[in-house]
Amino acid sequence: MRLTASGISCVRGGRALYDGLSFSLSNGELLLLTGPNGSGKTSLLRQIAGLLPLDAGSIVFEGGERSEETHFVGHASAVKDALTVSENLSFWCDLYGSSGALKGAALSKLRLAPLAPLPGRVLSAGQKRRLALARLVAIRRTLWLLDEPDAALDAEGRATLLEIIAGHRARGGMAIVSSHTTLNVAPSQAIALGESKETVAA
Amino acid sequence: MPRTPRMKMSELANPNRFMRFSRWMIPLFAALALPLLAYGFYLGFQAPPERDQGYMFRIMFVHVPAAWLALGIYTVMAVAALGTLVWRHPLADVAQKAAAPFGASFALICLVTGSIWGYPTWGTFWEWDGRLTSMLVLFLIYLGIIALWRAFEEPLLAAKAVAILTLAGFINIPIVKFSVDWWSTLHQPASVFRLGGPTMHAAYLTPLIFCALGFSFLFGAMLMVAMRSEILRRRVRTLAIFAAQEVR
Amino acid sequence: MIRALASLIRRDLKLGVRAGGSLGTAFVFFLAIAMVVPFAVGPDLDVLARIGGGMIWVAALLSSLLGLDRIFGADAEDGGLDLLLLAPLPLEAVVAAKGIAHWLITGLSIALAVPLFGILLGLNATTVAAAAVLLLIGTPAITSFGLIGAALAVALPRSGMLTAVLILPFTIPVLIFGSAATQSIAAGEYFGTPVKLLLAVALFSFVIGPVAAAAALRIGRET
């Protein structure tokens with residue numbers, strides 16, 4: 001599978017966050033997006049996911065359907081307070097057409113297995129984040145779109161995140177990861193957003 | 001210099017043609033509307049008194065065109081909504097937004113004149129007659145659309161949301177109209193006086209047509225004025241955003 | 001796909017039933033209207049029985065509009081709505097499934113509350129039975145139209161009242177035919193026409209509701 005973005009732009013609230021952005025990603029590669037808050041990292045990920053329309057340019061998926069091959073992990077963890085950890089994950093497995101066979105492995109990988117019968121409302125922010133990341137492991141998909149996935153994670157959680165990303169790439173998966181911290185993901189490419197704005201300010 | 005986004009430029013570029021074109025279309029429409037209305041009203045006041053209600057029928061020359069326009073403007077808005085969603089025409093949502101208050105106003109004029117007409121003829125300001133009730137529902141739909149416009153901050157997002165509501169309403173209004181008619185015949189054996197239909201005498205029909213045309217041109221002129229103000233309002237908004245960026 | 005949608009309905013039902021859910025709110029609100037009507041029109045059971053058939057529909061309509069903005073609002077807040085939009089399913093089907101779950105929690109409980117409503121307003125058994133059955137057709141139609149308002153509400157932060165205002169005109173046909181059918185049955189008259197028209201409006205709502213709501217959700221996320 002191959003993802004090619006050519007000349008994409010994003011206009012928010014009357015100003016261009018980025019204009020004419022192009023990149024291409026193939027199996028096993030990871031694109032790291034960096035930049036300050038409000039520089040358009042989230043907008044770019046949402047455009048790639050198809051949640052936000054492109055203001056210019058195009059994004060082409062070769063060898064797969066976007067809706068069948070994409071994982072999106074946004075800022076919010078989409079954890080329901082009233083459902084147990086296990087129910088939360090099972091629901092997304094069902095909705096995304098996964099058999100749930102990897103669910104147990106996903107929970108233990110993210111150190112959530114002991115929490116499985118507990119309701120979402122008792123989880124800490126970091127635990128909720130890990131539950132969101134467990135989706136990545138439980139449901140096999142080629143392209144991961146991760147918006148600051150290390151937010152709220154402790155050192156151990158961050159190590160687990162790097163581990164699952166590495167495993168994903170080893171299996172031929174692709175990932176686009178945004179981060180405003182130094183996340184040591186060994187990117188094959190990187191885009192620093194918000195550069196143009198610096199020149200505006202100067 | 002800040003980079004000017006491409007999208008915004010096209011948005012400003014296209015209305016420029018409209019701004020030029022409307023500058024002479026507005027006086028033209030107004031110039032057509034006034035003599036048409038004046039002649040229509042003149043003929044209307046010349047028309048002989050009606051057998052049952054004397055001179056009271058004269059309110060019809062405002063009431064009936066208002067009813068037609070209230071319906072017609074919704075159609076205009078539905079077409080504009082298609083323009084927003086399907087063709088993504090930058091003027092479509094401006095037209096849609098500008099037209100809604102006029103639709104609501106004509107619906108209100110229709111209801112109020114109907115009431116004034118109804119009091120001496122039916123002996124009551126309000127009758128749960130099928131037509132009146134449908135017009136009241138249409139008026140409420142207009143108010144809902146205006147409220148939805150006001151609820152959004154970002155005009156382009158508002159345009160799309162309102163377009164969906166307008167189209168859903170457009171499909172639904174005939175059903176509401178049918179159900180209200182069905183309901184009113186159920187409850188109201190046709191005791192209501194009704195002027196109208198193809199049997200109307202030419203002495204009433206001719207002024208009515210002149211008035212309807214006059215009001216239509218008046219609406220056209222007012223719509224263009226409102227569209228111009230909306231375009232200018234959006235330019236001010238865009239300029240304010242650019243100005244804020246410059247400072248940063 | 002059926003499994004995925006069934007799972008969505010099951011999840012929303014769990015959310016409605018468990019702590020913090022809205023099960024019972026519509027039921028109680030519906031009965032609360034039955035309680036306030038006599039305060040407004042007086043406790044004369046003859047008068048109440050005469051208007052009761054129509055009051056059931058007014059109460060059902062208002063109760064169904066209650067909490068519409070939460071159908072997608074809760075998911076929008078916790079980020080789940082993005083994942084629903086990205087799921088490999090037609091969005092219209094996802095919207096319909098959420099509508100079904102919402103109806104099972106609100107509309108169904110309203111239909112079940114009709115006998116109590118009937119006792120409070122002194123309605124006879126025929127009226128109560130007719131209204132309960134007809135509400136099983138009418139309330140899904142109201143919910144279905146309501147989905148449009150619920151989807152528009154997602155893009156709007158403070159939208160509770162607005163949703164109801166936008167949707168009320170759409171529900172007028174349901175009210176007219178539902179109420180007319182109830183009253184025809186109660187009066188022992190021919191009721192085929194209003195029942196058929198109510199069914200027609202309901203079928204229409206099942207199409208336009210999910211389609212328009214899905215369109216509104218798509219654009220609502222573009223912020």
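Contact here means heavy atoms within 4.5 Å.

## Model and conventions

This is a predicted model, in which local features need pLDDT of at least 70 and side-chain atom pairs count only at pLDDT 80 or more, while totals for chains, interfaces and linings use all residues. Residues are numbered from 1 along each chain as its sequence is written, chains are lettered from A and ligands numbered from 1 in the order in which they are written, and side-chain values use heavy atoms, with hydrogens and water left out.

The model has ipTM 0.89 and pTM 0.86. For chain C the mean pLDDT (the predictor's confidence in each residue, from 0 to 100) is 89, and 98% of the residues of chain C reach 70 or more.

## Interface of chain C and chain A

Chain C contributes 26 residues to the contact and chain A contributes 28 residues. Together the two chains bury about 2400 Å², of which 59% lies on carbon and sulfur atoms; buried area is the accessible area (1.4 Å probe) that two parts lose on being put together, summed over both. Of the area that chain C buries against chain A, 27% comes from C:L83, C:L86 and C:P88, more than from any other three residues.

Seven salt bridges are counted between chain C and chain A, a salt bridge being a side-chain nitrogen of Lys or Arg within 4 Å of a carboxyl oxygen of Asp or Glu. One of them joins the side chains of C:R10 and A:D94, at 3.9 Å from N to O. Polar contacts are pairs of N or O atoms within 3.5 Å; within protein, one atom must be able to donate a hydrogen and the other to accept it, and residues adjacent in sequence count only if both atoms are side-chain atoms. By this rule 11 residue pairs, both residues at pLDDT 80 or more, are in polar contact across the interface of chain C and chain A.

## The chain C side

Helices (H or I, at least four residues) and strands (E, at least two) are DSSP runs, numbered from the N terminus. On the side of chain C that touches chain A, at least two residues come from each of helix 1 (2–17), helix 4 (70–78) and helix 5 (80–86) of chain C. Helix 1 of chain C has the largest share of that side, with eight residues.

## Local features of chain A

Buried residues have under 20% relative accessible area, exposed ones over 50%, and partly exposed ones lie in between (1.4 Å probe, protein chains only). In helix 1 (residues 41–49) of chain A, eight of the nine residues are buried, among them A:K41, A:R46 and A:I48. A:G50, just after helix 1 of chain A, has a positive phi of about 95°.

Two alanines of chain A have positive phi: A:A78 near 55° and A:A152 near 70°. A:A78, in the loop between strand 5 (70–73) and helix 3 (85–95) of chain A, is buried because its relative accessible area is 4%. A:A152, in the loop between strand 6 (143–147) and helix 6 (155–170) of chain A, counts as exposed at 52% relative accessibility.

## Buried positions in chains B and C

B:P207 lies in helix 6 (residues 202–247) of chain B and is buried, with a relative accessible area of 1%. Beyond its neighbours within four places in sequence, B:P207 is in contact with B:G40, B:L43, B:G44, B:F61 and B:A202.

C:T143 belongs to helix 8 (residues 125–154) of chain C and counts as buried at 3% relative accessibility. Not counting residues up to four places away in sequence, C:T143 touches C:G99, C:H102 and C:W103.
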